[in-house]
Amino acid sequence: MEVRYFDRGKKDARHAYKYQLIHEVLEATRAEYGDYKVVPFDAESSAKRQALLISEGRVLNLTWASPGTVIANADVIAIPVDILKGLLGYRICLINPANFPPAIRNLSDMVIGQGLNWSDVDIYRFNDIPVREAPSFEALFDMLAVKRYQCLSLGADEVVFTWREKKADYPFLTLEPQLLIYYDHPIYLQVSKKSPELARRLELGLAKLIHNGRFDALFDQYHAADLKFLALHQRRYFCMVTPYLPLSGQCTETPVLLQHQP
């Protein structure tokens with residue numbers, strides 16, 4: 001069985017948890033499905049391009065995406081387990097202090113930086129928040145350096161790693177300490193419909209890891225320390241609705257990670 005997913009190695013080290021999870025899911029199902037071969041796809045591609053490739057199923061047959069997005073609407077089979085337990089929707093700003101507003105009353109007081117065709121772009125625009133897109137992840141930091149926008153909004157699953165990784169090259173880079181942007185943004189493994197056996201294997205593997213506690217342990221291994229460091233409960237949070245999900249019920253309840261004090 002060949003498993004083909006987007007992986008640029010060290011350039012995408014912020015996705016290490018996802019790569020490790022996929023590996024453990026595949027290993028957990030050797031008895032049922034046998035050996036496998038991982039064939040990484042290392043060319044940075046837009047979400048639209050990835051949607052086309054995974055629909056074709058030759059270059060890509062596995063990725064991850066949120067419901068309603070262009071990838072999730074491709075010819076894919078979604079494995080209905082939020083592999084990040086909601087973390088992708090808890091957004092923290094990386095900023096250039098020389099260009100950050102002294103007081104934020106509304107999110108529209110700043111321009112949000114995002115990658116080209118990221119699914120989040122439509123969420124911000126749906127909420128009338130100005131967005132500036134960069135052609136690559138690396139370009140986002142160059143644009144922040146020259147003050148093209150005010151907040152690089154990243155999920156709580158990757159923002160601390162990214163800040164530490166990029167700080168040496170961009171000394172100005174600061175983790176904004178007060179704001180938390182939230183929207184409901186689950187993320188599922190998405191498998192090409194050309195690879196239904198892989199979909200069945202991943203669903204079984206995730207069920208096994210959840211049942212034996214390894215899923216929770218792996219999640220904590222990669223995220224518990226960063227979540228403590230981010231102190232989400234101490235931040236002023238703004239909730240946004242997402243056009244990818246039914247609007248009814250959104251922003252009516254306190255997000256799960258903010259419901260109980262640590």
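Which residue in E8 is the bridge partner of cysteine 93? To find out, let us start with the strand that holds this cysteine and then walk outward. Please keep in mind along the way that this is a predicted model.

Cysteine 93 belongs to strand E5, which covers residues 90-95. Across from cysteine 93, in E8, stands serine 153, its bridge partner. The two strands, E5 and E8 (residues 151-155), run antiparallel and are joined by four bridges. E5 has other partners too. With strand E9 (residues 174-175) it is joined by two bridges, again in the antiparallel sense, and here leucine 94 faces leucine 175. E10 also pairs with E5, antiparallel and over two bridges; look for tyrosine 90 opposite tyrosine 182 of E10.

How much of E5 is buried? Six of its six residues are, so the strand is largely enclosed by the rest of the structure. In a regular strand, side chains alternate between the two faces of the sheet. You can follow both faces of E5 in turn: Tyr90, Ile92 and Leu94 are on one side, Arg91, Cys93 and Ile95 are on the other, and all of them are buried.

Now let us turn to the aromatic rings. The model has 12 aromatic pairs. A pair of rings is described by the distance of the centres and the angle of the planes. One of the pairs is formed by tyrosine 124 and tyrosine 183, with 5.8 Å from centre to centre and 85° between the planes. Planes over 60 degrees apart count as edge-to-face, and so this pair is edge-to-face. Where do the two partners sit in the chain? Tyrosine 124 is part of helix H4 (residues 119-126), while tyrosine 183 is in the loop that runs from strand E10 (179-182) to strand E11 (188-192). The pair therefore ties together parts that are 59 residues apart in sequence. Tyrosine 124 is buried, its relative accessible area being 0%, and for tyrosine 183 the value is 0% as well, so that residue is also buried.

Aromatic residues also gather in a group: Trp118, Phe137, Phe141, Tyr170 and Phe172 make up one aromatic cluster. In other places a ring has a charge for company. Lysine 85 lies over the face of phenylalanine 219, 4.7 Å from the ring centre. Arginine 164 places its charged end over the ring of phenylalanine 229, at 5.3 Å from the centre.

Phe137 from the aromatic cluster appears again beside an enclosed space. The model contains one cavity of 30 Å³ or more, and the space inside the largest cavity is about 30 Å³. Its lining consists of Lys11, Arg14, Phe137, Glu138, Glu165 and Lys166. Helix H5 (137-145) and helix H6 (159-166) each contribute at least two of these residues. What classes of residue form this lining? Five are charged, one is nonpolar and none is polar.

The open spaces come next. The largest pocket holds about 840 Å³ of space, and 39 residues line it. Nearest its centre are Ala47, Gln50, Asn117, Trp118 and Ser119. Helix H3 (47-56), strand E3 (62-65), H4 and strand E7 (131-134) are the elements that give two or more residues to this lining. H4 provides the largest share, four residues. By class, the pocket lining has 15 nonpolar, 12 polar and 12 charged residues. Trp118 links two parts of our walk, as it belongs to the aromatic cluster and lies among the residues nearest the pocket centre.

Our last stop is the backbone on either side of H4. Most residues other than glycine have a negative phi. Asparagine 117 is not a glycine, yet its phi is positive, about 65°. This residue, one of those nearest the pocket centre, lies in the loop between strand E6 (112-115) and H4, and it is partly exposed, with a relative accessible area of 27%. Aspartate 128, not a glycine either, has a positive phi of about 60°. It is found in the loop between H4 and E7. Is aspartate 128 buried or exposed? With a relative accessibility of 62%, aspartate 128 counts as exposed.

Key: Residues are numbered from 1 along each chain as its sequence is written. This is a predicted model: local features need pLDDT of at least 70, side-chain atom pairs count only at pLDDT 80 or more; totals for chains, interfaces and linings use all residues. Side-chain values use heavy atoms; hydrogens and water are left out. Rings of Phe, Tyr and Trp (its six-membered ring) pair if their centres lie within 6.5 Å; planes under 30 degrees apart count as stacked, over 60 as edge-to-face and the rest as tilted. Buried means under 20% relative accessible area, exposed over 50%, partly exposed in between (1.4 Å probe, protein chains only). A charge sits over a ring if NZ of Lys or CZ of Arg is within 6 Å of the ring centre and within 35 degrees of the ring normal. On a 1 Å grid over the protein atoms alone, a cavity is a set of points where a 1.4 Å probe fits but cannot get out, and a pocket is an open set with protein on both sides within 12 Å along at least five of seven lines; lining residues have an atom within 4 Å of a point. Grid points are joined across faces, edges and corners, and a volume is the space filled by probe spheres set on the points. Ala, Val, Leu, Ile, Met, Phe, Trp, Tyr, Cys and Pro count as nonpolar, Asp, Glu, Lys and Arg as charged, and the others, Gly among them, as polar. Two strands pair if DSSP finds at least two bridges between them.
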